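This report describes the fold, the core and a few selected residues of one protein chain. The sequence and the structure come first.

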Amino acid sequence: MAVGITETVPGVSGSTVAMILGIYERLIYSLSILTTKHRKQALPFLFTFGTGMVIGFAISRECKLNCEVRAVRSLTYTV
């Protein structure tokens, strides 16, 4: 989820967070074996990673939109 949350932050890369969390190498390896006969080994990890990323992205995006709406609303009330 942390990688998905970082995707909504400008200037911060999700791959940097994956490196910090120690999952970057496993992610790259899992992606690289998708085209081989060993793809079944990679699917559980990629499914878990992808699901967490989508959930994190959605939560972060919703929070960011709510903050932006509150900021614009308060600016509108003051003008």
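A residue is called buried when its relative accessible area is under 20%, exposed when that value is over 50%, and partly exposed in between. By this rule, 22% of the 79 residues of the protein count as buried. The model is predicted.

## Confidence and overall make-up

The mean pLDDT of the protein is 84, and 81% of the residues reach 70 or more. Among the elements, helix α3 (residues 24-32) has the highest mean pLDDT, 94, and α4 has the lowest, 80. Where pLDDT is low, the predicted coordinates should not be read in detail.

The protein has 4 helices and 0 strands. Read from the N terminus, the order of elements is α-α-α-α. The accessible surface comes to about 5,900 Å², and carbon and sulfur atoms account for 68% of that area. Of the contacts between residues at least 6 apart in sequence, 43% join residues at least 24 apart.

## The nonpolar core

Which residues form the largest nonpolar core? There are 9 of them: Val3, Val17, Ala18, Leu27, Ile33, Ala42, Phe45, Leu46 and Phe49. Two helices, α2 (14-21) and α4 (39-78), each supply at least two residues of this core. The largest share, 4 residues, comes from α4.

Leu46 is one of the core residues. Leaving aside residues up to four places away in sequence, Leu46 touches Leu27, Ser30, Leu31 and Leu34. Of these, Leu27 is itself listed in the core.

The structure holds 1 aromatic pair. The ring centres of Phe45 and Phe49 are 6.1 Å apart and the ring planes meet at 25 degrees, so the pair counts as stacked; the limit for stacking is an angle under 30 degrees. Both Phe45 and Phe49 are buried. They lie in helix α4, 4 residues apart, which is about one turn of the helix. In general, an α-helix has 3.6 residues a turn, so residues three or four places apart point the same way.

## Helix α2 and its two sides

The buried residues of α2 are Gly14, Val17 and Ala18. Viewed down the helix axis, these buried residues fall within an arc of 105 degrees, so they line one face of α2. On the other side of α2, Met19 and Ile20 are exposed. The cover over the buried residues of α2 includes α1 (2-6) and α3. After α2 comes Gly22, which has a positive phi, near 80 degrees.

Gly14 is located in helix α2. Its relative accessibility is 3%, so Gly14 counts as buried. Beyond residues up to four places away in sequence, Gly14 touches Val3, Thr6 and Glu7. Val3 also appears in the nonpolar core.

## Two residues of helix α3

Is Ser30 buried or exposed? Ser30, which is found in helix α3, has a relative accessible area of 4% and is therefore buried. With residues up to four places away in sequence not counted, Ser30 touches Ala42, Phe45 and Leu46. Ala42, Phe45 and Leu46 are listed among the core residues.

Tyr24 is also in helix α3. At 31% relative accessibility, Tyr24 counts as partly exposed. Outside residues up to four places away in sequence, Tyr24 touches Ser15, Ala18 and Met19. Of these, Ala18 is one of the buried residues of α2, while Met19 is exposed.

## Ile59 and selected C-alpha distances

Ile59 lies in helix α4. Its relative accessibility is 43%, so Ile59 counts as partly exposed.

The table gives three residue pairs with their separation along the chain and in space.

| Pair | Separation in sequence | C-alpha to C-alpha distance |
|---|---|---|
| Gly14 and Gly4 | 10 residues | 7.0 Å |
| Tyr24 and Gly14 | 10 residues | 9.7 Å |
| Ile59 and Met1 | 58 residues | 9.1 Å |

Gly14 occurs in two of these pairs, once with Gly4 and once with Tyr24. In the remaining pair, the C-alpha atoms of Ile59 and Met1 are separated by 9.1 Å although the residues are 58 apart along the chain.

How values were computed:
Residues are numbered from 1 along each chain as its sequence is written. This is a predicted model: local features need pLDDT of at least 70, side-chain atom pairs count only at pLDDT 80 or more; totals for chains, interfaces and linings use all residues. Side-chain values use heavy atoms; hydrogens and water are left out. A nonpolar core is a set of buried Ala, Val, Leu, Ile, Met, Phe, Trp, Tyr and Cys residues joined through side-chain atoms within 4.5 Å. Buried means under 20% relative accessible area, exposed over 50%, partly exposed in between (1.4 Å probe, protein chains only). Contact means heavy atoms within 4.5 Å. Accessible areas come from the Shrake-Rupley method with a 1.4 Å probe; for residues, only the protein chains shown count as cover. pLDDT is the predictor's confidence in each residue, from 0 to 100. Rings of Phe, Tyr and Trp (its six-membered ring) pair if their centres lie within 6.5 Å; planes under 30 degrees apart count as stacked, over 60 as edge-to-face and the rest as tilted. The arc is that of the directions from the helix axis to the C-beta atoms.
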